[in-house]
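Colleague: I have the sequence and the model open on my screen. Could you walk me through it?

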Amino acid sequence: MRQVIIVGSGPAGYTAAIYAARANLQPLLIASSVDFGGELMKTTEVENFPGFPEAIMGPDLMMRMQQQAERFGTEIVYDDVTKLELSGDVKRVTVGEGTVHEARTIIYATGSAYRKLGLADEARLSGYGVSWCATCDGAFFKEKKVAVIGGGDSALEEATFLTRFADKVYLVHRRDSLRASAAMQDRAFADPKIEFLWNQEVAHVYGDERVAGIGLVSTVDGTETTLDVTGMFVAIGADPRTHLVHGQLDLTPEGTIAVEGRSSRTSIPGVFAAGDVIDPTYKQAATAAGSGVVAALDAEHYLAAQDDLQAAVQPAAATA
Ligand code: NAP
C-alpha cells in the first residue's frame with residue numbers, strides 16, 4: 001500500500017508530488033491518459049510563473065515540473081481514474097480497465113474543465129470549427145476570420161494568440177467591460193486584428209459540416225446579427241472537476257471541494273485537495289503550485305500523526 005496517491009498532473013499535483021517525494025513518501029501520481037499536464041499544456045507563453053523572467057511555454061513548464069517530481073522518486077501512471085473509494089483508512093483508486101491502487105492518503109488535484117455555451121450546434125461542430133484551445137487548433141485558421149467568446153484573461157489570451165494565424169479576430173463579450181487583467185486588455189486593445197463586439201451573446205452556430213458563421217443577439221436590445229466566421233473559440237471559464245468525488249466529499253456553494261480554512265483537509269480524514277478544484281477565485285498556476293505544497297505537508301503531518309497514534313497503542317496492547 002502507498003503512503004500517498006496524487007490524482008491530477010497540473011501545477012498542484014506535480015508540486016504536491018515534489019514535496020511528498022522529497023519527504024520520502026514515494027508518491028504515485030495518476031496523470032490521466034490524454035490530458036496529462038493540465039490546462040498549461042494548452043497554453044503558449046506563461047509570463048507570470050516566478051523564476052522565468054523571459055517567460056516559458058506552458059508545456060515546457062509542465063515537463064519541468066514532471067521531471068522534478070520524478071527526480072525525487074514520484075512514480076507516474078498515465079491512465080484515467082474511474083473510481084475513488086475514500087472512506088476508511090485504506091483509500092482505493094481504480095484506473096483504466098480496473099487496476100486498483102491503494103493508499104493511506106489521497107491528494108485530489110484534478111483542476112477544472114472548460115465551460116461550454118450549451119448550444120446544440122456547439123457540441124455538433126466541436127472539432128469542426130468550434131474549439132476550446134487556440135494553441136491546439138489556431139493554425140487551422142490561417143488567413144480566416146474567427147470569433148473568441150468571453151471577456152476574461154483566457155479569452156484575451158486566445159484572441160491575441162489567434163492573430164498569429166487569422167486575418168481577423170472578433171472578441172465577443174456579453175457585457176461592455178472586460179474581466180481580464182489590465183496587461184491583457186492593453187495588449188488586445190492595441191492589436192489591429194482584434195475587433196471587440198460588446199454586449200453580444202452567441203445564440204446560434206451555423207454550418208452543416210463545419211462552422212460557417214455564428215448568430216449573435218444583443219444583450220441590450222435583443223437585435224440579432226450574423227457574424228461571418230469559420231471558427232469559434234469558447235473561452236468562458238472553467239468548472240472544477242469534482243465528478244469523481246460527488247457524494248463523497250463536501251463541496252462549497254461554488255462547486256469546489258470544501259477544505260478546512262487555509263488547509264487542504266477535506267471532509268474525509270486522509271483526503272486532501274489542492275489547486276483549481278478547491279479555488280473558485282484565483283486559479284493561477286502559481287497559486288495552484290502553492291496549494292500543492294499545502295496538500296503534501298498536510299498529508300505528511302496526517303501520516304506522522306497516524307503513525308504516532310499506532311506506536312502509542314501497540315506497546316500498550318503488548319503489555320495488556
Ligand atoms: P473568467 O475570468 O471566469 O472569465 C470568464 C469570462 O467568460 C467572463 O468574461 C464571463 O463574462 C464570460 N462568460 C462566462 N460564462 C459565459 C456564458 N455562458 N456566455 C458568455 N460569456 C460567458 O475565466 P478565464 O478567463 O478562463 O480565467 C479564469 C482564471 O484564470 C482567472 O483567474 C484568470 O485570471 C486566470 N487566467 C490567467 C491567465 C494569465 O494570467 N496568463 C490566462 C488565462 C486565465 P462576465 O465577465 O460577464 O462574467
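**Ligand and sheets**

Modeller: Sure, starting at the ligand: a nitrogen atom of the ligand sits 3.2 Å from an N or O atom in the side chain of Glu157. That is a polar contact, meaning a pair of N or O atoms within 3.5 Å; within protein, one must be able to donate a hydrogen and the other to accept it, and residues adjacent in sequence count only if both atoms are side-chain atoms. Bear in mind that this is a predicted model, where local features need pLDDT of at least 70 and side-chain atom pairs count only at pLDDT 80 or more, while totals for chains, interfaces and linings use all residues. Residues are numbered from 1 along each chain as its sequence is written, and side-chain values use heavy atoms, with hydrogens and water left out.

Colleague: How far from an oxygen atom of the ligand does a polar side-chain atom of Arg175 lie?

Modeller: Arg175 is among the residues that come nearest to the ligand, along with Asn48, Asp153, Ser154 and Arg179; near means a heavy atom within 4 Å. Asn48 has a polar side-chain atom 2.9 Å from a ligand oxygen. For Arg175, the distance from a polar side-chain atom to a ligand oxygen is 2.7 Å.

Colleague: Which element gives the most residues to the shell around the ligand?

Modeller: The shell divides into 4 nonpolar, 9 polar and 6 charged residues. Here Ala, Val, Leu, Ile, Met, Phe, Trp, Tyr, Cys and Pro count as nonpolar, Asp, Glu, Lys and Arg as charged, and the others, Gly among them, as polar. Helices (H or I, at least four residues) and strands (E, at least two) are DSSP runs, numbered from the N terminus. With 3 residues, the top contributor is α5.

Colleague: Which strands stand at the edges of the parallel sheet?

Modeller: This open sheet has 5 strands in the order β10-β17-β11-β12-β13, where two strands pair if DSSP finds at least two bridges between them. β12 (residues 168-172), for one, is joined to β13 by 4 bridges, and Val169 stands opposite Ile194 in β13. Two strands have a single partner each, so one side of each is left without a neighbour in the sheet: β10 and β13.

Colleague: Which strands stand at the edges of the sheet with antiparallel pairing?

Modeller: That one is an open sheet of 3 strands, ordered β14-β15-β16. β15 (residues 213-218) pairs with β16 over 4 bridges, and Leu216 has Thr225 in β16 as its bridge partner. One side of each edge strand is left without a neighbour because each has a single partner, and these strands are β14 and β16.

Colleague: Where does Asn199 lie?

Modeller: Most residues other than glycine have a negative phi. Asn199 has a positive phi of about 55° although it is not a glycine. Its place is in the loop between β13 and β14.
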